Amino acid sequence: MKRVYVNEEWCLGCHLCEYNCAFANSGARDMVTALKGKPILPRIRVEGEGDVTYAVSCRHCRDPICIRGCISGALHKEGGTVCIDREKCVGCLTCVLLCPYGAVLPGPDGAAMKCELCLKNACGEPACAAGCPNRAIVYEEREEETV
Amino acid sequence: MRVLEGQFRNPSGCAISAVISRNGERMSGEQIIESMKPMHERSNGLGGGFAGYGIYPEYRELFALHLFFSGKEAKKDCEDYLKGALELVKAEVIPTRTIPAITDEPLIWRYFVTPLRSVLASMQVDENEYIARVVMHINTAITGAYVFSSGKNMGVFKAVGFPEDVGEFYRLEDYGAYSWTAHGRYPTNTPGWWGGAHPFALLDWTVVHNGEISSYDANRRCIEMYGYKCTLQTDTEVITYIADYLLRKQGLTLEETASVIAAPFWETIERMPEAEKRELTYLRTVFPSLLVTGPFSIVLGFHGGLMALNDRLKLRSMVTAEKGDRVFIASEEAAIRAMEPAAENFYAPAGGEPVIVRVREGCC
Amino acid sequence: MSGINFLFPEFEVVRNDDRCIRCRVCERQCANEVHFYDAARDRVFSDESKCVNCQRCVSLCPTRALKIVRSDCRLRENANWDSDTIREVYKQAESGGVLLSSMGNPKPLPVYWDKLLINASQVTNPSIDPLREPMETRVFLGKKPKTLERDGNGKLKTELTPQLELDIPVMFSAMSYGSISYNAHASLARAATALGTCYNTGEGGLHEDFYKYGPNTIVQVASGRFGVHEDFLQAGAAIEIKMGQGAKPGIGGHLPGAKVGPDVSRTRMIPEGSDAISPAPHHDIYSIEDLRQLVWSLKEATGHVKPVIVKVAAVHNIAAIASGIARSGADIIAIDGFRGGTGAAPTRIRDHVGIPIELALASVDARLREEGIRDRVSLVAGGSIRSSADVVKAVALGADACYIATAAVLALGCHLCRTCQSGKCNWGIATQRPDLAKRLNPDIGSQRLINLMTAWKREIMELMGGMGINSIEALRGNRLMLRGVGLNETELRILGVSHAGE
């Protein structure tokens with residue numbers, strides 16, 4: 001399946017992916033309305049500092065530990081993509097603790113939130129990759145299979 | 001002041017036609033004149049002409065110079081020059097017939113000449129090169145004089161008018177040639193000058209051409225590097241010089257010359273067998289500026305043969321046919337039918353495909 | 001020196017606070033440290049005195065909250081003492097130094113390309129549609145033989161002196177590793193390979209990673225001989241001797257030690273941190289016969305299989321110079337006009353020395369033809385070829401091919417801010433700072449170069465087709481395809497073209 005891959009060699013640490021992510025999932029028409037004066041809650045985060053930076057988001061693992069640990073059945077797979085049913089989520093945040101990448105985060109409404117490859121928002125494909133100025137984040141099919 | 005051809009660029013549309021006897025039998029000019037009649041629409045009365053090969057058998061070792069003079073003064077200047085440069089064997093007026101369709105004729109003379117051996121030796125050139133230089137000199141340096149034919153045992157006859165009238169004017173029925181080429185001109189500019197009519201000739205080479213070449217100035221500026229002077233600014237002139245340069249000076253074969261002038265596309269060359277590919281790549285690399293683009297169909301006349309060639313996209317019509325030992329080439333099939341109603345094996349050569357016809361060895 | 005700053009900032013950073021979402025990408029991306037975030041007031045501010053108007057922040061701002069405008073604070077300028085002239089006096093009075101700047105001559109001198117118009121077929125001759133018919137742009141650069149030879153069987157001997165084969169008549173001209181980044185070189189090398197053309201190492205040697213692009217590389221030998229060794233010479237498809245550069249004729253080059261890091265040091269074969277100073281002349285070439293010796297030495301060193309290019313700046317006597325070079329054994333002459341770019345040049349030289357490439361090219365082509373030696377060399381024209389139309393006009397004037405560099409770096413992201421000499425290129429091109437150089441991902445860079453050249457190639461084919469020409473050879477030197485507008489008799493004579501309407 002197509003996944004989001006990050007190449008730290010080209011990551012500039014500009015953090016634009018975080019803003020593009022937050023905007024994509026806001027449902028707002030424009031970024032100013034979506035993000036101005038509000039806390040930014042992206043599902044991708046730029047880690048590291050100085051010369052080495054790296055954007056981290058859900059790996060959509062083959063056997064996701066977050067799904068195994070989900071007590072309410074909110075986390076599930078849809079054709080390889082790990083998705084969350086926020087109606088079902090009880091906000092126990094077990095998944096946040098379990099994810100080895102720190103890619104599942106507590107959301108503003110109590111439910112957990114995570115990258116769903118922008119398949120469930122108006123973007124249609126990951127906004128982080130589309131907006132990355134240096135192609136450090138790419139959304140593509142690769143032979144290798146992640147964990 | 002009247003602007004003469006040569007002082008501006010004059011592209012033309014045209015009709016061409018040619019016939020050759022592979023047995024070297026001599027044909028009068030009537031048949032070739034006939035061929036131009038059905039193509040009347042392709043000319044506009046501003047130029048017509050013919051070239052005949054084998055017409056001066058009695059002077060076959062001498063260069064026959066055909067000249068136009070604007071007046072007696074030009075003739076005198078030119079003759080003074082000729083006397084110093086060459087041995088003049090015979091000088092005479094070219095016989096013409098007064099007809100209403102052809103007017104304003106210049107003085108039209110022919111000279112049978114030969115270069116002085118001693119001059120050739122001291123200049124270290126052969127007789128062809130020497131005559132070519134004489135022609136270039138007259139055409140660029142002697143005002144009012146113009147050499148329009150300069151080969152051996154051949155001659156060009158041309159004028160402002162429709163080709164069938166030009167043929168009648170020059171009494172072509174009185175000449176016998178083993179090959180004829182003809183041209184009717186549709187220049188886009190007036191005045192078409194007598195010198196600007198076709199065929200265009202240098203030494204034995206004559207060219208009749210239909211088309212307007214888009215590569216003109218690239219070709220002209222290249223060929224002028226090798227001592228040619230394009231005084232008429234016509235496509236036919238530059239093609240004649242290219243043919244002379246490649247065939248005479250560089251010693252290329254007719255086929256090789258055709259693949260310089262109408263080079264195959266690189267993608268065609270790449271599909272060819274290795275040896276052929278190497279040779280064609282070489283020719284295109286060595287003579288890039290002699291590639292002729294834009295529409296043309298030409299018939300190149302030379303001693304003992306004809307070569308017909310279309311541009312590589314075949315943007316002008318040209319057909320060939322045969323009957324017995326005769327081969328016919330023309331812009332239109334109708335022209336061939338006018339020469340030989342029973343002609344057969346009609347063929348439309350592909351773009352860039354040369355059709356070469358030679359008189360049998362020893363027959364001319 | 002004094003406490004007074006005579007120079008007000010040239011640009012203003014205009015931030016639309018209604019749109020600014022405080023993402024601070026501008027702050028993170030500006031190597032000149034123009035932008036800064038004040039947490040106490042939760043606002044982003046700017047110090048426009050540091051701004052060079054490279055537009056990096058403008059391009060990356062996700063809400064388009066930024067624009068950079070020329071400051072309307074004006075000096076009391078007049079037609080003689082314009083703002084730039086006055087500022088330059090202030091700068092020199094402050095520093096006591098030679099003014100430095102970069103990229104090409106910005107002065108309003110005539111751009112002859114814009115005064116030449118191209119022909120098209122109507123009625124007497126059909127135009128050719130490149131979508132339906134073959135349209136050839138391949139060129140071979142190199143010497144053509146004067147006479148042909150045949151073997152015993154009458155077959156043509158097809159051995160030629162070395163030729164450089166290009167699929168398009170455009171190459172990337174010399175920019176050294178050092179003056180531009182590793183990633184910029186990688187982009188150029190990869191694009192040249194994909195396009196079937198060449199890029200040029202400039203006088204900086206060839207990084208070991210790029211030897212694999214050798215068949216599409218022109219290796220340069222300049223007056224400092226930086227990075228020149230046998231493997232380097234063997235690596236390229238052609239060797240270029242750089243005698244001069246359009247942006248700075250008559251002077252050498254200077255790569256500041258700050259840019260000579262470990263990689264550049266190894267590639268140039270000079271100590272880390274040392275200034276790389278190329279002398280003004282080649283100290284083994286004080287005349288044309290010396291050039292001949294270098295040409296033949298390089299040929300000898302590489303087994304006579306590579307064409308040798310001699311690159312010269314377009315100066316007053318260029319026709320005679322080119323004629324001398326044509327007889328020196330060089331296979332190709334590259335002429336660089338006075339609008340050519342550079343990573344750093346003294347401002348006075350950049351703006352006042354040299355002549356336009358259009359006139360230089362036209363007079364060189366005409367002179368070589370007059371002397372009957374045009375076939376002995378190919379001509380490459382550079383020094384501000386900005387578009388496919390410029391390429392077509394250059395070829396019609398007589399060039400075999402063109403060199404582009406400014407257009408190429410523009411494709412890579414350059415915004416012509418003309419401060420390459422600072423080494424703080426925000427676009428990752430003219431810099432050796434790793435954090436900045438990584439901003440140019442060669443995957444993107446090479447693709448943008450390929451896109452640009454593909455687009456130019458299509459346009460060249462369209463223009464040729466309109467003229468009824470289906471091979472670039474038939475366009476070369478075909479000056480009838482050009483007409484001048486608004487040019488005087490002398491200019492027309494030198495260009496060898498008629499005026500429009502004639």
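**Figure 1. Strands β20 and β21 of chain C side by side.** In this predicted model, strand β20 of chain C, residues 482–484, pairs with β21(C) in the parallel sense, and two bridges hold the record of that pairing. For a landmark, look for Arg483(C), which stands opposite Ser498(C) in β21(C). Zooming out a little, these strands belong to an open sheet of three strands, ordered β6-β20-β21 (chain C), with mixed pairing. The edges are taken by β6 (116–118) and β21 (498–499) of chain C; each has a single partner strand, so one side of each is left without a neighbour in the sheet. Helix α11 of chain C, residues 388–397, lies across β6 and β20 of chain C and runs at about 95 degrees to β6(C).

**Figure 2. The hairpin of β2 and β3 in chain C.** Here you can follow strand β2 (residues 35–38) of chain C into its pairing with strand β3 (residues 43–46) of chain C, antiparallel in sense and spanning four bridges. Two phenylalanines help you find your way: Phe36(C) has Phe45(C) in β3(C) as its bridge partner. Where should you look for a positive phi in the hairpin of β2(C) and β3(C)? Asp42(C) takes one, near 50 degrees, in this hairpin with four residues between the strands.

**Figure 3. Chain C as a whole.** Stepping back from the close-ups, chain C has 15 helices and 21 strands. Its C-alpha atoms fill a box of roughly 90 × 60 × 45 Å along the principal axes. Why does the radius of gyration of chain C agree with that of a compact globule? A compact globule of 502 residues would have a radius of gyration near 23 Å, and chain C has 24 Å, which agrees. Buried residues account for 53% of the 502 residues in chain C. Contacts also reach across the sequence: of those in chain C between residues at least 6 apart in sequence, 68% join residues at least 24 apart.

**Figure 4. Where chain C meets chain A.** Of the two pairs of chains that touch, chains B and C have the most contacts, but this view is centred on chains C and A. Their contact draws 16 residues from chain C and 17 residues from chain A. On the chain C side, at least two residues each come from α1 (25–29), α13 (434–437) and α14 (442–466). Helix α1(C) gives the most to this side, with three residues. How do the residues of the side of chain C that touches chain A divide? There are seven nonpolar, three polar and six charged residues. Chains A and B, on the other hand, have no contact with each other, and their closest C-alpha atoms lie 36 Å apart.

**Figure 5. The two domains of chain A.** The domain assignment splits chain A into domain 1, made of 1–57 + 119–147, and domain 2, covering 60–114. Between the C-alpha centres of domain 1 of chain A and domain 2 of chain A there are 18 Å. Ten residues of domain 1 of chain A are in contact with 13 residues of domain 2 of chain A. On the domain 1 side of that contact in chain A, the residues are five nonpolar, two polar and three charged.

**Figure 6. A closer look at Gly91 of chain A.** You will find Gly91(A) in the loop between β5 (81–84) and α4 (94–98) of chain A. Is Gly91(A) buried or exposed? With 14 C-beta neighbours inside 10 Å, Gly91(A) counts as partly exposed. Leaving aside residues up to four places away in sequence, Gly91(A) touches Gly110(A) and Ala111(A). Cys58(A) lies 33 residues from Gly91(A) along the chain, and 18 Å separate their C-alpha atoms.

**Figure 7. A four-stranded sheet in chain B and its helix.** Four strands of chain B form an open, antiparallel sheet in the order β5-β6-β4-β7. At its edges stand β5 (86–93) and β7 (145–149) of chain B, each with a single partner strand, so one side of each is left without a neighbour in the sheet. Neighbouring strands of this sheet are turned by 35 degrees against each other on average, direction ignored. Strand β6 of chain B, residues 107–115, pairs with β5(B) in the antiparallel sense over seven bridges. Within that pairing, Val93(B) has Trp109(B) in β6(B) as its bridge partner. Helix α4 of chain B, residues 127–141, packs on the sheet and touches β4 (63–69), β5, β6 and β7 of chain B. The direction of α4(B) makes about 140 degrees with that of β7(B).

Technical notes: Residues are numbered from 1 along each chain as its sequence is written. Chains are lettered from A and ligands numbered from 1 in the order in which they are written. This is a predicted model: local features need pLDDT of at least 70, side-chain atom pairs count only at pLDDT 80 or more; totals for chains, interfaces and linings use all residues. The radius of gyration is taken over C-alpha atoms; the globule rule is 2.2 Å times the number of residues to the power 0.38. A residue is buried if 20 or more other C-beta atoms lie within 10 Å of its own, exposed if 12 or fewer, and partly exposed in between; C-beta atoms are placed from the backbone. Two residues are in contact if their C-beta atoms, placed from the backbone, lie within 7 Å. Domain bounds come from an automatic or database domain assignment. Ala, Val, Leu, Ile, Met, Phe, Trp, Tyr, Cys and Pro count as nonpolar, Asp, Glu, Lys and Arg as charged, and the others, Gly among them, as polar. Two strands pair if DSSP finds at least two bridges between them. Axes are lines fitted to C-alpha atoms, for helices over the stretch in contact, and angles run from 0 to 180 degrees between N-to-C directions.
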